[in-house]
Amino acid sequence: MELFSIAARIATLHEADEFGRMVSEANQTLHKKYKSLDISCTVHEKVMLWRCREDDPRFFKGNHLQHVYVTAAKTVAEYVLQVKEQRLVRKILEDEFDFPEPEEHAQILKHCGMILDRGPGPDESWKRRQDMLEQGIRQCLVERPLLHVDGFLTFRAQGYMKELKEIVEYAVDEFLMERQYEEFVHMLKYFVYFQQPQVPLVHLIHKGGQEILLLDEEMKPLQYRNDENVVVERLDQQDLQMEDTVVTTLISVSPAKIIIHTREPHMAVIRTLSQIFEQRIEICRYCPDCHAYFREGGEVIT
């Protein structure tokens, strides 16, 4: 009696190799427990067929068949997640969204990959998608032991495909936000380039996180006024990943030089300021002017 027959369309040699490897590992697991199983895996016209038979009536006593289905479902789910998922995501992006430029595609798919890839530790998203696939595949095999993986994904895996679409939508939103942010930073950079300096020097003390002090050349709190400037008003309306008030103030006073005293030079706010003000920026990790604001090791004095 045929226990299951599982077919998968293979797009590349890599897919064939990966599915073959996973099936081989599953077959070894099954053979260790059930010696009489007749298992085969063949490829014909870019379709890989995994079949399993058992003619010993004793096999069908107990829950042996369910154990076979669990092993098969786990193998197919792993194959989908590791091999087919990126192609599924790419198809969703092409069918549902209008991004004709290859570079845009690549950036959005990179965002998707960061979400989909299995991390080194427990990954809730991966586990949830794996559980959805395994449960759906087991149910299909119980109903009818003939399964075509691509047909299953199209017609029976609605929950899984819905989650993939939501991931693509999230990646698209992230890409658009990043592009908007980069365009706005570029505009600010252009504005600052042609702006005449109004004060010689500003010290920016980055005490950690979002805690920032602005001091004048004498290390006293910076005095400034909010100019009614279109750029500054637009900045206040942006959802930027930094301390908006700091950038607004610095653009308002237009210093000839900005010394950023920080123990975290790779923070997003520091990188953004460096992008906007370019040559006007100087990064200080330690100097007599700023050491009082930090303990050794970079912690803030309270």
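Among contacts in the chain (heavy atoms within 4.5 Å) between residues at least 6 apart in sequence, 69% join residues at least 24 apart. The model is predicted: local features need pLDDT of at least 70, side-chain atom pairs count only at pLDDT 80 or more, and totals for chains, interfaces and linings use all residues. Residues are numbered from 1 along each chain as its sequence is written, and side-chain values use heavy atoms, with hydrogens and water left out.

**Overall make-up**

The chain has nine helices and eight strands. Both are DSSP runs, numbered from the N terminus: helices are H or I with at least four residues, strands are E with at least two. Of the 302 residues, 43% count as buried. Buried means under 20% relative accessible area, exposed over 50%, and partly exposed in between, with a 1.4 Å probe and protein chains only. About 17,500 Å² of the chain is exposed, and carbon and sulfur atoms supply 51% of that area. Accessible areas come from the Shrake-Rupley method with a 1.4 Å probe; for residues, only the protein chains shown count as cover.

**Strand pairing**

Two strands pair if DSSP finds at least two bridges between them. The table lists three such pairs.

| Pair | Sense | Bridges | Example partners |
|---|---|---|---|
| β1 and β3 (residues 47-53) | antiparallel | seven bridges | Ala-8 and Met-48 |
| β1 and β4 | parallel | three bridges | Ala-7 and His-148 |
| β5 (residues 199-208) and β6 | antiparallel | five bridges | His-206 and Ile-212 |

Strand β1 pairs with β3 in the antiparallel sense and with β4 in the parallel sense. It is mostly covered: seven of the eight residues of β1 are buried. Strands β5 and β6 form a hairpin with two residues between them. Gly-209 in that turn has a positive phi of about 60°.

**Helix α4 and its surroundings**

Helix α4 covers residues 124-143. Its 20 residues should span 28 Å at 1.5 Å a residue, and the end C-alpha atoms are 29 Å apart, which agrees. The expected span is 1.5 Å times one less than the number of residues. Buried residues in α4 are Ser-125, Trp-126, Arg-129, Gln-130, Leu-133, Glu-134, Gly-136, Ile-137, Cys-140 and Leu-141. Their cover includes helices α2 (64-96), α3 (102-116), α5 (149-155) and α6 (158-193). Strands β1 (2-9) and β4 (146-148) also contribute to that cover.

Met-132 lies in α4 too. Its relative accessible area is 28%, so Met-132 is partly exposed. Leaving aside residues up to four places away in sequence, Met-132 touches Gly-159, Tyr-160 and Glu-163. The C-alpha atoms of Met-132 and Ala-157 are separated by 7.9 Å, with these positions 25 residues apart along the chain counted as their separation.

Tyr-170 sits in helix α6. With a relative accessible area of 48%, Tyr-170 is partly exposed. Tyr-170 and Ile-108 are 62 residues apart in sequence and 9.4 Å apart in space, C-alpha to C-alpha.

**Positive phi outside glycine**

Met-219 has a positive phi of about 65° although it is not a glycine. Its place is in the loop between β6 (211-215) and α7 (230-237). At 21% relative accessible area, Met-219 is partly exposed.

Ser-254 is also not a glycine, yet has a positive phi of about 45°. It lies in the loop between α8 (244-253) and β7 (255-262). Ser-254 is buried, because its relative accessible area is 0%.

**A threonine in helix α9**

Thr-272 belongs to helix α9 (residues 268-277). Its relative accessibility is 3%, so Thr-272 counts as buried. The side chain of Thr-272 reaches the backbone oxygen of Ala-268 at 2.9 Å. A polar contact is a pair of N or O atoms within 3.5 Å; within protein, one must be able to donate a hydrogen and the other to accept it, and residues adjacent in sequence count only if both atoms are side-chain atoms.

**Cysteines**

A disulfide is a covalent bond between the sulfur atoms of two cysteines. Here the rule is a pair of cysteine sulfur atoms within 2.5 Å. By this rule the count is zero disulfides. Cys-52 is buried, with a relative accessible area of 0%. Cys-112 is buried, with a relative accessible area of 0%.
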